[in-house]
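Hi,

Here's the structure I promised to pass along. Have a look at it first, and my notes on what turned up follow right below.

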Amino acid sequence: LGPEAVTIVTIIDDDLPGLVGFKDENTSVTVQESEGKAIVHVSRMNGSSGTVTVDYHTVDILAIGTDRAEGTKNSDYLRTSGTLEFKPKVNELPIPITLFDRKEYDKQDTFKVVLSNVRGPNEKAKLAQFNTCLVTIVNDEETKTSIERVMKVLNINADKYSVGTDTWKEQFTNALTVGGGGA
């Protein structure tokens, strides 16, 4: 077939470990307190070569976190911290966070999940632009509806059990009238 040709091939390793953080659509999560758990999704973008780890922890804003697994009467969620490990080719991992249903009316509390300290096979493993996720805990619609029904019943029946009169003039008139007044 002809003379033997020799070609030099250079292979450039362009596999990157990627950036670890929150995708834009995952920078905010809203969850009902009755669900018992919030799931925050951490992504690995622009590469998935090698094993990459990232640390995470929660920070109170308006929500009150606790370190006690059974919660307390004033706690909204279980504080969480740890390290996620992205194996090669893994692009998303969840962080589950336990919520405590305090059955509060018109509740809306917040805390955040913060990522830090990315480590990988080389210095190209980095934290992405969005490294904080805001978690908003809202009250359960069923709890809100139940409380509104009770309040409505109490307000309707409150007039039946009203004692006294509205003004001081009515009080004097009733006091000076035989039989206690009333129309």
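Glutamate 85 is partly exposed, at 42% relative accessible area, and in this predicted model its side chain meets that of lysine 87 in a salt bridge, 3.2 Å from N to O. Lysine 87 is partly exposed too, with a relative accessible area of 43%.

That pair is one piece of a total of four salt bridges in the structure. Another piece is a little network: Asp60, Asp67 and Arg79 are joined through bridges that share partners. Here's how it goes together:

- Aspartate 60 to arginine 79: the side chains meet at 3.1 Å, N to O. Aspartate 60 sits in strand S4 and arginine 79 in the loop between strand S6 (77–78) and S7, so to speak a link between distant parts of the chain, 19 residues apart.
- Aspartate 67 to arginine 79: this salt bridge comes in at 3.6 Å, N to O. Aspartate 67 is in the loop between S5 and S6, while arginine 79 is in the loop between S6 and S7, so the pair ties together parts 12 residues apart in sequence.

As for exposure, aspartate 60 is partly exposed at 29% and arginine 79 is partly exposed at 35%. Aspartate 67, at 61% relative accessibility, counts as exposed because the cut-off for that is over 50%.

Next, the inside. The largest nonpolar core has 26 residues, and Phe111 and Val113 have the most contacts within it. Seven strands, S2, S3, S4, S7, S8, S9 and S11, each supply at least two of its residues, with S9 (108–119) giving the largest share, four residues. If you want one residue to click on, try valine 113: leaving out residues up to four places away in sequence, its contacts include Phe22, Val40, Tyr56, Ile95, Ile97, Cys133 and Val135.

On the surface there's a nonpolar patch made of Ile61, Leu62 and Leu134, with about 270 Å² of accessible area together. Isoleucine 61 lies in the loop between S4 and strand S5 (65–66) and is partly exposed, at 45% relative accessible area.

Finally, the overall picture. The chain has two helices and 11 strands, and the pattern along the sequence is β-β-β-β-β-β-β-β-β-β-β-α-α. Of its 183 residues, 31% count as buried. Among contacts between residues at least 6 apart in sequence, 74% join residues at least 24 apart. The chain exposes about 12,300 Å², with carbon and sulfur atoms supplying 52% of that.

Cheers

Conventions: Residues are numbered from 1 along each chain as its sequence is written. This is a predicted model: local features need pLDDT of at least 70, side-chain atom pairs count only at pLDDT 80 or more; totals for chains, interfaces and linings use all residues. Side-chain values use heavy atoms; hydrogens and water are left out. A nonpolar core is a set of buried Ala, Val, Leu, Ile, Met, Phe, Trp, Tyr and Cys residues joined through side-chain atoms within 4.5 Å. Buried means under 20% relative accessible area, exposed over 50%, partly exposed in between (1.4 Å probe, protein chains only). Contact means heavy atoms within 4.5 Å. Patches are made of residues with over 30% relative accessible area and no salt bridge: like charges are joined within 9 Å, nonpolar side chains (Val, Leu, Ile, Met, Phe, Trp, Tyr) within 5 Å. Accessible areas come from the Shrake-Rupley method with a 1.4 Å probe; for residues, only the protein chains shown count as cover.
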